[in-house]
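Good morning, and thank you for making time on the agenda. I would ask you to keep the sequence and the structure in view while I speak.

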Amino acid sequence: MKVAVVGATGLVGSEILTVLAERNFPVTELIPVASEKSKGKEIEFKGKKYKVVTAKEAIELKPNVALFSAGGETSTEYAPLFAEAGITVIDNSSAWRMDPTKKLVVPEVNGDVLTADDKIIANPNCSTIQMVVVLQPLHEKYKIKRVVVSTYQSVTGTGVKAVNQLNDERAGIDGEKAYPYQIDLNVIPHIDVFQDNGYTKEEMKMIKETNKIMQDDSIRVTATTVRIPVIGGHSEAVNIEFENDFDLAEVRELLAAQTGVIVVDDPANLKYPMPKDAHGKDEVFVGRIRRDESQDKTLNLWVVADNLRKGAATNAVQIAELLNKKALI
């Protein structure tokens, strides 16, 4: 199994390499890909060193699968070239997510949609991934009418520059800025660019991607996405209105039974999910499970996951694992 990682030197690319190793994905040859300026650098994977190549060189090496995490422009330009060469692409950017001809996949939710014809597969937005894993079993049982979500997102979602800005501010250093405002000791209600409707692109991603992944346009979603001074881990307050009433004990059972979900819900002992506890983990953590007492058939949840793991790298590798299991790569 020849595996290319496009964007291997970036935050998500490095995490993909870690996850591939940890999960023992059957890599016989690694092809680390980055920009021209990184060509020739060495990447270590499972005790062996591999030289970074360019995207064009990687296509000629004919990998079975290419995991992309190099941004939308790179994906738009190179993913079709990889696909034309018969290489299956799993893309972590937003470039292909809402393309009606491309599948948008979270294995626990809609992995069954994958076929041998899918040569470019989109990895959803980090915030959407952790939410839909939790929504799916509840939707199957009670049918979701509406979701109101507010996110509390880590600076790692922006990248190394943002992590450096937060660390610089904490150290009193006036360095390079990823955000228009200070992030340390602050909260910025602005992720990605603003759209004409007053929402940000990140908020609209959550809305549209949820409907596509869950294959149900009747679910109404509204979102407010916020950047907070945390390194690693996104948190979400999720309010869910159902068509049918629910029992809280059954809700906990359904969530505990969902693959990839861990319930941490013991308020009496101050047990609830926090980003620091999700760090480096592949699971989605859910807690603060309670009724919305202002409205019938409505539930409140608190959902936390490591955005570089399940929100990006792990989900991409899980898609590759599923393709391998189905003999599609």
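I shall go through a sheet, the helices that pack on it, three helix pairs and a few single residues. Please bear in mind throughout that this is a predicted model.

Let me begin with the sheet. Six strands form an open sheet in the order β2-β1-β5-β6-β8-β7, and the pairing is parallel. Its edges are β2 and β7, the latter covering residues 103-104, and each of these strands pairs on one side only. At the β7 edge, two bridges connect β7 with β8, residues 120-122, and the two strands run parallel. Lysine 103 has isoleucine 121 of β8 as its bridge partner.

Further inside the order, β5 and β6 are joined by four bridges, again in the parallel sense. Here valine 65 stands opposite threonine 88 of β6. As general background, side chains in a regular strand alternate between the two faces of the sheet. In β6, Thr88 and Ile90 point one way, whereas Val89 and Asp91 point the other way. Are these four buried or exposed? All of them are buried, Asp91 included.

Next, the helices on the sheet. Helix α1, residues 11-22, packs on the sheet through contacts with β1 (2-6), β2 and β5 (65-68). The direction of α1 makes about 155° with that of β1. Helix α3, residues 72-84, lies across β1, β5, β6 (88-91) and β8. Relative to β5, α3 runs at about 175°.

I now turn to the helix pairs. In general, two packed helices are described by the angle between their axes and the distance between the axes.

The first pair on my list brings α1 back into view. Its partner is helix α10, residues 309-325, with the axes 9 Å apart and an angle of about 50°. That angle makes α1 oblique to α10, and the crossing is right-handed. On the α1 side the contact is formed by Val12, Glu15, Ile16, Thr18, Val19, Leu20 and Glu22; on the α10 side, by Arg309, Ala312, Ala313, Thr314 and Val317. By class, the residues of this contact are seven nonpolar, two polar and three charged.

The other two pairs share helix α5, residues 126-142. With helix α7, residues 201-213, the axes of α5 come within 9 Å and cross at roughly 40°. α5 and α7 are therefore oblique to each other, in a right-handed crossing. Cys126, Ser127, Thr128, Met131, Val132 and Leu135 of α5 meet Glu202, Lys205, Met206, Glu209, Thr210 and Ile213 of α7. How many of the residues in this contact are nonpolar, polar and charged? Six are nonpolar, three polar and three charged.

With helix α8, residues 248-257, the axes of α5 also come within 9 Å, and the crossing angle is roughly 130°. α5 and α8 are therefore oblique to each other as well, and α5 passes α8 in a right-handed crossing. From α5 the contact takes in Val134, Pro137, Leu138, Lys141 and Tyr142, and from α8 it takes in Glu250, Val251, Leu254 and Leu255. This contact divides into seven nonpolar residues, no polar ones and two charged.

Finally, three single residues. Glutamate 253 is also in α8. Glutamate 253 counts as exposed because its relative accessible area, 56%, is over the 50% cut-off. Its C-alpha atom is separated by 41 Å from that of lysine 161, and the two residues are 92 apart along the chain.

Threonine 151 belongs to strand β9, residues 144-153. At a relative accessibility of 0%, threonine 151 counts as buried. Which residues does threonine 151 touch, not counting those up to four places away in sequence? They are Ser127, Met206, Thr224, Thr225, Val226, Ser235 and Glu236. Two of these names have already come up: Ser127 in the α5 side of the contact with α7, and Met206 in the α7 side. By contrast, isoleucine 173 is 22 residues from threonine 151 in sequence and 28 Å from it in space, C-alpha to C-alpha.

My last residue, serine 38, sits in the loop between β2 (29-33) and β3 (42-45). Serine 38 is buried, since its relative accessible area of 6% is under the 20% cut-off. Leaving aside residues up to four places away in sequence, serine 38 touches Thr9 and Val52.

Thank you; I would be glad to take questions.

Conventions:
Residues numbered from 1 in each chain as written. Predicted model: local features only at pLDDT ≥ 70, side-chain atom pairs only at ≥ 80, totals over all residues. Heavy atoms only, no water. Axes fitted to C-alpha atoms, helices over the stretch in contact; angles between N-to-C directions. Parallel < 35°, antiparallel > 145°, perpendicular 65-115°, else oblique. Left-handed = near helix turned anticlockwise from the far one by under 90°. Contact = heavy atoms within 4.5 Å. Nonpolar A, V, L, I, M, F, W, Y, C, P; charged D, E, K, R; others polar. Buried < 20%, exposed > 50% of the residue type's maximum accessible area, 1.4 Å probe, protein only. Pairing = 2+ DSSP bridges.
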